[in-house]
Amino acid sequence: MSGKKTAGERNLMFFSGRAFPELAEEVASNLGVEITPTALRDFANGEIYVRYLESVRGCDAFVMQCHTAPINKWIMEQLIMVDALKRASAKRITVIMPFYGYARQDKKGRGREPITARLMADLFKQAGADRLMSIDLHTSQIQGFFDGPVDHLFASPVLIDYLRDKLDPATTTIVSPDTGRVRLAERWSDALGTQVAFIHKRRDLDVANQVKVHEVVGRVKGRTCVLIDDMIDTGGSICKAADALYEHGATDVIVAATHAVFSDPAVDRLKNSRISEVVVTNTLPLAEDKRFDSLTVLSIAPLIARAIEQVFTDGSVTSLFEGES
């Protein structure tokens, strides 16, 4: 039998979809469990078949899937896995989505638009999820879309630990790429003892992934700037932000982001930019053709494993982030 039991016979079982098996193996290794054997395959017409090869009755089920390309397929697979767990009498089902798909559409910017972040929460609740776990949601309000507990994990401790020895706080500024990330930049600043700046930008609502950088607010001249964000998709926004910092006198720009979506032409933009290093986590898989010399990928698996342990033992997930909430 995979999984493990507590003294009270509570049984933790860990499940993974097919989107990113390497991360799942790493999380399982940190947990000290095996991934529960599961039959996962596609029918000829693209429909997905799921069957668990062990009994899951009464277990605390943790089912992880990375919402990577093809994103709709992997979300559907995770929904089907949750439905199968519910119908097989799992006691409690926690859905782990390191990257929350469709999170960017978290409100109506204009009439006749959807709120897909809420739709995602509704789908997983209807499928049978009791709890959601995700890392660096696009906006914190998404936690309120799910009718149940949501564990909002932060990748900042992982990123900060890596960058701490590379930076001199006296000559470093943490930079938010927009006003929406200022609070996150302040947390980074508190942890590293640095100054904070932010970039005012305006996005073209009629053209996806297009932004116009306007001005930099804060001290960046003659300083190393660390641009932080939750994700890098096409790379246009972050590269323009880096250019703006250099134009305002920054001596070096490092980018730190949680989710490396890297849709085309992100890799080319980042490789050809003046950014000295791009630091991301492995919440999403990165093929070899999406890696480049200045890219550093940090593992998020130990953080996910610790969060799973806290949830399973009814501990405090917040304690993992030293007071961050």
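When I say that two residues are in contact, I mean that they have heavy atoms within 4.5 Å of each other. With that in hand, let me begin at E47, which, if we leave aside its neighbours within four places in sequence, is in contact with R41 and D42. I should say at once that what we are looking at is a predicted model, and everything that follows should be heard in that light.

E47 is found in the loop between β3, residues 38-42, and β4, residues 48-52. I start there since UniProt, in an unreviewed entry, places a "binding site" feature at N45, G46, E47, R104 and Q105. These positions span 61 residues in sequence, and their farthest two C-alpha atoms are 29.9 Å apart, so they do not all gather at one spot. R104, for its part, sits in the loop between β6, residues 92-97, and α3, residues 116-127, and with a relative accessibility of 43% it counts as partly exposed.

The same record, again as an unreviewed entry, also places a "binding site" feature at H138 and D178. Here the picture is of another kind, in that the two residues, although spread over 41 residues of sequence, cluster in space, with a largest C-alpha distance of 12.7 Å. Of these residues, H138 is included in the lining of the second largest cavity, to which I will return.

H138 is found in the loop between β7 and β8, the latter being residues 150-153. Is H138 buried, partly exposed or exposed? Its relative accessibility is 22%, and buried means under 20%, so H138 counts as partly exposed. Not counting residues up to four places away in sequence, H138 touches A103, R104, R181, D230 and M231, and you will recognise R104 as one of the positions in the UniProt feature I mentioned before. D178, by comparison, lies in the loop between β9, residues 172-176, and α5, and D178 is buried, with a relative accessible area of 19%. Leaving aside neighbours within four places in sequence, D178 is in contact with F198, I199 and K201.

Let me turn now to the enclosed spaces. How many cavities of 30 Å³ or more does a search of the whole structure find? The search finds two, and the second largest, the one that H138 helps to line, has a volume of about 40 Å³. Its lining is made up of F99, Y100, A103, S134, I135, D136, L137, H138, D230, M231 and H259, and the elements that give two or more residues to that lining are β7, residues 131-135, and β12. By character, these lining residues divide into six nonpolar, three polar and two charged.

The largest cavity has a volume of about 70 Å³, and D136, A155, S156, L159, L184, W188, I228, D229, D230, A256, A257 and T258 line it. Two or more of these residues come from each of α4, residues 156-164, α5, residues 182-192, β12, residues 224-232, and β13, residues 252-260. This lining divides into seven nonpolar, two polar and three charged residues.

From the cavities I move to the packed regions. In soluble globular proteins, nonpolar side chains tend to be buried together. In this model the largest nonpolar core has 47 residues, of which F14, V27, W188 and I308 touch the most other members, and the largest share of it, eight residues, comes from helix α8, residues 301-312. W188 may sound familiar, as W188 also lines the largest cavity. As for V27, if residues up to four places away in sequence are not counted, V27 touches F14, M64, A301, I304, A305 and I308. Apart from this core lies another, of 34 residues, among them I48, Y52, A90 and F146.

That brings me to L132, a residue in strand β7. L132 is buried, with a relative accessible area of 4%, and beyond four places in sequence L132 touches V95, M97, Y100, F124, F146, P149, V150 and D151. F146 is among the members named for the core of 34 residues, while Y100 is one of the residues lining the second largest cavity. Lastly, the C-alpha atoms of L132 and L85, which are 47 residues apart along the chain, are separated by 15 Å.

Key. Residues are numbered from 1 along each chain as its sequence is written. This is a predicted model: local features need pLDDT of at least 70, side-chain atom pairs count only at pLDDT 80 or more; totals for chains, interfaces and linings use all residues. Side-chain values use heavy atoms; hydrogens and water are left out. On a 1 Å grid over the protein atoms alone, a cavity is a set of points where a 1.4 Å probe fits but cannot get out, and a pocket is an open set with protein on both sides within 12 Å along at least five of seven lines; lining residues have an atom within 4 Å of a point. Grid points are joined across faces, edges and corners, and a volume is the space filled by probe spheres set on the points. Helices (H or I, at least four residues) and strands (E, at least two) are DSSP runs, numbered from the N terminus. Ala, Val, Leu, Ile, Met, Phe, Trp, Tyr, Cys and Pro count as nonpolar, Asp, Glu, Lys and Arg as charged, and the others, Gly among them, as polar. A nonpolar core is a set of buried Ala, Val, Leu, Ile, Met, Phe, Trp, Tyr and Cys residues joined through side-chain atoms within 4.5 Å. Buried means under 20% relative accessible area, exposed over 50%, partly exposed in between (1.4 Å probe, protein chains only). UniProt positions are given in the numbering used here, feature names are shortened, and annotations may be inferred rather than shown by experiment.
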